[in-house]
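Hi,

Here's the structure I said I'd pass on. Have a look at it first, then read my notes below.

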Amino acid sequence: MTGLSAHNSIIVTGSIAYDDIMNFPGFFKDFFHPEKLHQINVSFAVQTLNKHLGGTATNIAYNLTRITDKNTRILGAMGQDHAELTSFYKKNNISYEGSIIDSELYTSTGKVITDNANNQIWGFYYGAAEKGNQIDLSLITEKDFVIISANHLNAYLHIQDHCVKKHISYLYDPGMSLTWISDDDLRYGIEEAKYVIGNDYEIAQIERRLKLKVADLTAKNIAVITTLGADGVRFEDKEKTITVSGFKVDKLKDPTGAGDAWRGGFVGALVEGNPLAASLRIANALASFAVENFGTVRHTPSRDEIMARAETLLVT
């Protein structure tokens, strides 16, 4: 069930955004009073500030281009401040045909503070993404493979409903959408997915909310991918469980975007015809390059460099 090489193109749906990434040289836990959590008022003086292009769709699409030359297209919404993003897409051979460019609203913007334990606090403005339900989805056909990642609910559910009804294959990545999506919509998206992906916390949330286990999903021929940070990844389907170790980087600079890099690497490797285990290793390797840089689209490893790291990873 893992082959994707027959698909003509990969369509990445999700947020398109500008990211402000800040690093706090301490630990959040030292500044929260457990008896006063009902009236939090804290301020963190950050050590670094980096402004980057981002959003789940941008990050995933960029990482796809690190692995595959197949047509990669973003389908989302941008605002009046789109120029830097659209220039970046053109430079990296990422099509944005069909995406909305709104002349009034601003592009989605995310702001994150990361502490010394790699805990993160996010704030996110949706902006133009609110108009995502106006995207013309006739451009998505059964010949495409779709990645559905976190976005404004209008866009997310619009795309999810289209893919389910048109029987289009997709990887389902609810991630940050778990804070607003209803249990019914979550179940609807998951039960028709080819792959469901999340970190161990997100997969546990899905199990809790839908009152099912990973084994219940794999029994329905849905593959479940659990990313484990520096420890690698676990892939489970009806027939097997595969665990792949993570690549130990010498200096982790910023974990932001590692998961998106993993998703791009995995799908990119599969559409290039790589076997499942090799695709998992390639995804882990690409994610390791992402965390060695500040920003989510700053890493520029060659495919040979990615493969060299991938070949060192343990598969069990």
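Let's start in the middle of things: strands β1 and β10 (residues 144-149) pair in the parallel sense, with 5 bridges between them. You can follow the pairing residue by residue: Ser9 stands opposite Asp144, and Ile10 stands opposite Phe145. Keep in mind that this is a predicted model.

β1 also has a neighbour in β4 (residues 71-75), again parallel and again joined by 5 bridges. There, Thr13 has Leu75 as its bridge partner.

Now zoom out to the whole sheet. It's an open one with 9 strands and mixed pairing, in the order β6-β4-β1-β10-β11-β12-β13-β14-β15. β6 (94-95) and β15 (241-244) sit at the edges with a single partner strand each, so one side of each has no neighbour in the sheet. Two helices to look for: α7 (residues 258-271) packs on the sheet and touches β1, β10, β11, β12, β13 and β14, while α8 (residues 276-290) packs on it against β14 and β15. The direction of α7 makes about 150° with that of β12; for α8 and β15 the angle is about 35°.

Is β1 covered on one face or both? Both. Side chains in a regular strand alternate between the two faces of the sheet. In β1, Ser9, Ile11 and Thr13 are buried on one side, and Ile10 and Val12 are buried on the other.

For contrast, try the surface: Phe31, Leu37, Ile40 and Val42 form a nonpolar patch there, with about 360 Å² of accessible area together. Leu37 lies in the loop between β2 and β3, and it counts as partly exposed because its relative accessibility is 48%.

Cheers

How values were computed. Residues are numbered from 1 along each chain as its sequence is written. This is a predicted model: local features need pLDDT of at least 70, side-chain atom pairs count only at pLDDT 80 or more; totals for chains, interfaces and linings use all residues. Side-chain values use heavy atoms; hydrogens and water are left out. Patches are made of residues with over 30% relative accessible area and no salt bridge: like charges are joined within 9 Å, nonpolar side chains (Val, Leu, Ile, Met, Phe, Trp, Tyr) within 5 Å. Accessible areas come from the Shrake-Rupley method with a 1.4 Å probe; for residues, only the protein chains shown count as cover. A salt bridge is a side-chain nitrogen of Lys or Arg within 4 Å of a carboxyl oxygen of Asp or Glu. Helices (H or I, at least four residues) and strands (E, at least two) are DSSP runs, numbered from the N terminus. Buried means under 20% relative accessible area, exposed over 50%, partly exposed in between (1.4 Å probe, protein chains only). Two strands pair if DSSP finds at least two bridges between them. Contact means heavy atoms within 4.5 Å. Axes are lines fitted to C-alpha atoms, for helices over the stretch in contact, and angles run from 0 to 180 degrees between N-to-C directions.
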